[in-house]
Amino acid sequence: VEAMTLADRGDIGERVYLRGDFRVTASGENGAVLRDVNAGSDPNRPTPADNVRIIVEFPPGAVPPQENAVIRRDPSRPLEIRDVRRGADGQINVRVREIIAQP
């Protein structure tokens with residue numbers, strides 16, 4: 001939900017981190033697309049999280065999680081937000097990067 005505020009604000013200007021529980025909706029060679037685990041859970045009661053797509057860039061050599069996996073990011077291992085933009089369709093794209101290499 002805070003992503004909406006960032007999308008409307010423009011330049012982030014400082015380091016901001018993303019924490020929470022996310023479901024992988026797509027996975028590729030160096031990246032993945034995530035959504036909040038609760039997004040889309042009730043089509044009759046849409047939430048702001050339904051319109052947020054998180055696009056993750058992983059460091060070279062890291063293996064992105066598989067599609068449908070659930071990942072948790074807490075204060076000890078957040079994702080760094082690089083860019084937040086609202087598309088013409090209202091979808092908010094949050095570009096983040098993994099900041100700690102996976103073992």
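The exercises below work through a predicted model of one protein chain, each with a solution in steps.

**Exercise 1. Confidence along the chain**

Find which elements of the chain have the lowest and the highest mean pLDDT.

*Solution.* Begin with the chain as a whole, which averages a pLDDT of 85, with 84% of the residues scoring at least 70. Then turn to the elements, among which helix α1 (residues 2-9) has the lowest mean pLDDT, 63, while strand β2 (residues 20-27) has the highest, 96. The reading of the helix should be cautious for a general reason: where pLDDT is low, the predicted coordinates should not be read in detail.

**Exercise 2. The surroundings of Glu 80**

Determine where Glu 80 is found, whether Glu 80 counts as buried or exposed, and which residues Glu 80 touches beyond four places in sequence.

*Solution.* First, locate the residue: Glu 80 is found in strand β6, which spans residues 79-86. Second, compare its relative accessibility with the cut-off; since buried means under 20%, the 5% of Glu 80 makes it buried. Third, list the contacts, leaving out residues up to four places away in sequence: Glu 80 touches Arg 15, Val 16, Tyr 17, Arg 95, Val 96, Arg 97 and Ile 99. Fourth, look at the polar contacts of its side chain, which joins that of Arg 82 at 3.4 Å and that of Arg 97 at 2.9 Å.

**Exercise 3. Salt bridges around Glu 80**

Work out which residues are linked with Glu 80 in a network of salt bridges, and what parts of the chain the pairs with Arg 15 and Arg 97 connect.

*Solution.* The structure holds 7 salt bridges, and the step that matters here is to pick out those of Glu 80. With Arg 15, the side chains meet at 3.8 Å, N to O; this pair links distant parts of the chain, as Arg 15 is in the loop between α1 and β1 and Glu 80 is in strand β6, 65 residues apart. With Arg 97, the closest N and O atoms are 2.9 Å apart, and because Arg 97 lies in strand β7 and Glu 80 in strand β6, this pair ties together parts that are 17 residues apart in sequence. Next, compare the accessibility of the partners: Arg 15 is exposed at 63%, whereas Arg 97, at 31%, counts as partly exposed. Finally, assemble the network, in which Arg 15, Glu 80, Arg 82 and Arg 97 are linked by salt bridges.

A further salt bridge can be treated in the manner just shown: the side chains of Asp 83 and Arg 85 meet at 2.9 Å, N to O, where Asp 83 is partly exposed at 22% and Arg 85 is exposed at 54%.

**Exercise 4. The nonpolar core**

Identify which residues of the largest nonpolar core touch the most other members, and which elements give two or more residues to this core.

*Solution.* The largest nonpolar core has 18 residues, of which Leu 18, Leu 34, Ile 54, Val 56, Ile 81, Val 94 and Val 96 touch the most other members. The elements that give two or more residues to this core are β1 (16-18), β2, β3 (31-36), β4 (52-57), β6 and β7 (92-98). As a closer look at one member, the residues that Leu 34 touches, beyond four places in sequence, include Phe 22, Val 24, Val 52, Ile 54, Val 56, Ile 71 and Leu 79.

**Exercise 5. Strand β5**

State which residues form the covered face of strand β5 and in what sense β5 pairs with β2.

*Solution.* In strand β5 (residues 70-73), Ile 71 and Arg 73 make up the covered face, and Val 70 and Arg 72 the uncovered one. The pairing of β2 and β5 is antiparallel, over 4 bridges, and Gly 20 stands opposite Arg 73 in β5.

Methods: Residues numbered from 1 in each chain as written. Predicted model: local features only at pLDDT ≥ 70, side-chain atom pairs only at ≥ 80, totals over all residues. Heavy atoms only, no water. pLDDT = per-residue confidence, 0-100. Buried < 20%, exposed > 50% of the residue type's maximum accessible area, 1.4 Å probe, protein only. Polar contact = N/O pair within 3.5 Å; in protein donor to acceptor, adjacent residues only side chain to side chain. Contact = heavy atoms within 4.5 Å. Core = buried A, V, L, I, M, F, W, Y, C linked by side-chain atoms within 4.5 Å. Salt bridge = Lys/Arg side-chain N within 4 Å of Asp/Glu carboxyl O. Pairing = 2+ DSSP bridges.
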